Amino acid sequence: MKKRIIVCCGGAVATSTIAANKVVELCKKNGIDVDLCQCRINEIASNLPADLIVPTSKVKQDYGVPLITAMPFISGIGVEKTEKAILKVLKGE
C-alpha cells in the first residue's frame with residue numbers, strides 16, 4: 001500500500017528538496033511505495049491526510065500524524081537514526 005509522506009520547510013524549495021530526495025531514496029531501497037508531497041510548513045493541514053510528516057524546521061501544531069525531523073539529512077548528523085525512525089513508522093513497527 002502506498003504511503004503518503006509530507007516533506008516540508010519554510011519555503012518548500014531548498015531544504016525540503018534535499019530531505020525529499022533522501023526520503024524517496026530510503027523508501028526505494030526498502031521497497032516502500034510512496035506518494036510524496038513537498039510543501040511549506042504552513043501548508044501541512046491542506047495536504048493531509050498523511051502517514052508521516054518530515055519537516056526540516058520546527059512544527060508547532062500537532063496534526064495527529066507521526067512527525068520525524070529531517071534536520072539530520074541537512075546536517076549529516078544522526079542520519080541513520082532518522083532513517084530507522086522513518087522506516088519504523090512506514091512499516092508500522
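Helices (H or I, at least four residues) and strands (E, at least two) are DSSP runs, numbered from the N terminus. The model is predicted: local features need pLDDT of at least 70, side-chain atom pairs count only at pLDDT 80 or more, and totals for chains, interfaces and linings use all residues. Residues are numbered from 1 along each chain as its sequence is written, and side-chain values use heavy atoms, with hydrogens and water left out.

**Exercise 1. Ser16**

Task: Find the element that holds Ser16, decide whether Ser16 is buried or exposed, and list what Ser16 touches.

Solution.
- Step 1. Ser16 lies in helix α1.
- Step 2. Apply the cut-offs: buried is under 20% relative accessible area, exposed is over 50%, and partly exposed is in between (1.4 Å probe, protein chains only).
- Step 3. Ser16 has 0% relative accessibility and therefore counts as buried.
- Step 4. Leave out residues up to four places away in sequence; Ser16 then touches Val7, Cys8, Cys9, Gln38 and Thr56. Contact here means heavy atoms within 4.5 Å.

**Exercise 2. The sheet**

Task: Work out the strand order of the open sheet, and say which strands stand at the edges.

Solution.
- Step 1. Two strands pair if DSSP finds at least two bridges between them.
- Step 2. Strand β1 (residues 3-9) pairs with β2 over 7 bridges, in the parallel sense.
- Step 3. β1 also pairs with β3, again parallel, over 4 bridges.
- Step 4. The 3 strands form an open sheet in the order β2-β1-β3, with parallel pairing.
- Step 5. β2 (34-40) and β3 (52-55) each have a single partner strand, so they are the edges, and one side of each lacks a neighbour in the sheet.
- Step 6. Neighbouring strands are turned by 20 degrees against each other on average, direction ignored.
- Step 7. α1 packs on this sheet and touches β1, β2 and β3. The direction of α1 makes about 155 degrees with that of β1. Such angles run from 0 to 180 degrees between N-to-C directions, with axes as lines fitted to C-alpha atoms, for helices over the stretch in contact.

**Exercise 3. Register and cover**

Task: Name the bridge partners of Val7 in β2 and in β3, then describe the surroundings of Val7.

Solution.
- Step 1. Val7 belongs to strand β1.
- Step 2. Its bridge partner in β2 is Gln38; its bridge partner in β3 is Val54.
- Step 3. Check other positions: Arg4 stands opposite Asp35 in β2, and Cys8 stands opposite Pro55 in β3.
- Step 4. Val7 is at 0% relative accessibility, so it counts as buried. In β1, 5 of the 7 residues are buried.
- Step 5. Beyond four places in sequence, the contacts of Val7 include Ser16, Ala19, Ala20 and Val23, and also Leu36, Cys37 and Cys39.
- Step 6. Val7 and Leu52 are 45 residues apart in sequence, yet 8.5 Å apart in space, C-alpha to C-alpha.
- Step 7. β3 is covered on both faces: Leu52 and Val54 are buried on one side, Ile53 and Pro55 on the other.

**Exercise 4. Cys37 and the loop**

Task: Place Cys37, classify Cys37 by accessibility, and find the cis peptide bond that leads to Pro49.

Solution.
- Step 1. Cys37 sits in strand β2.
- Step 2. Its relative accessibility is 10%, so Cys37 counts as buried.
- Step 3. Cys37 touches Arg4, Ile5, Ile6, Val7 and Asn47, not counting residues up to four places away in sequence.
- Step 4. The C-alpha atoms of Cys37 and Arg4 are separated by 7.5 Å, with the two positions 33 residues apart along the chain counted as their spacing.
- Step 5. The bond from Leu48 to Pro49 is cis, with omega near 10 degrees. Pro49 is in the loop between β2 and β3.

**Exercise 5. Helix against helix**

Task: Describe how α1 and α3 pack.

Solution.
- Step 1. Two packed helices are described by the angle between their axes and the distance between the axes.
- Step 2. For α1 (residues 14-29) and α3 (residues 79-90), the angle is about 60 degrees and the axes are 11 Å apart.
- Step 3. Classes: under 35 degrees is roughly parallel, over 145 roughly antiparallel, 65 to 115 roughly perpendicular, and the rest oblique. α1 and α3 are therefore oblique to each other.
- Step 4. The contact uses Val23, Leu26 and Cys27 of α1, and Glu83, Ile86, Leu87 and Leu90 of α3.
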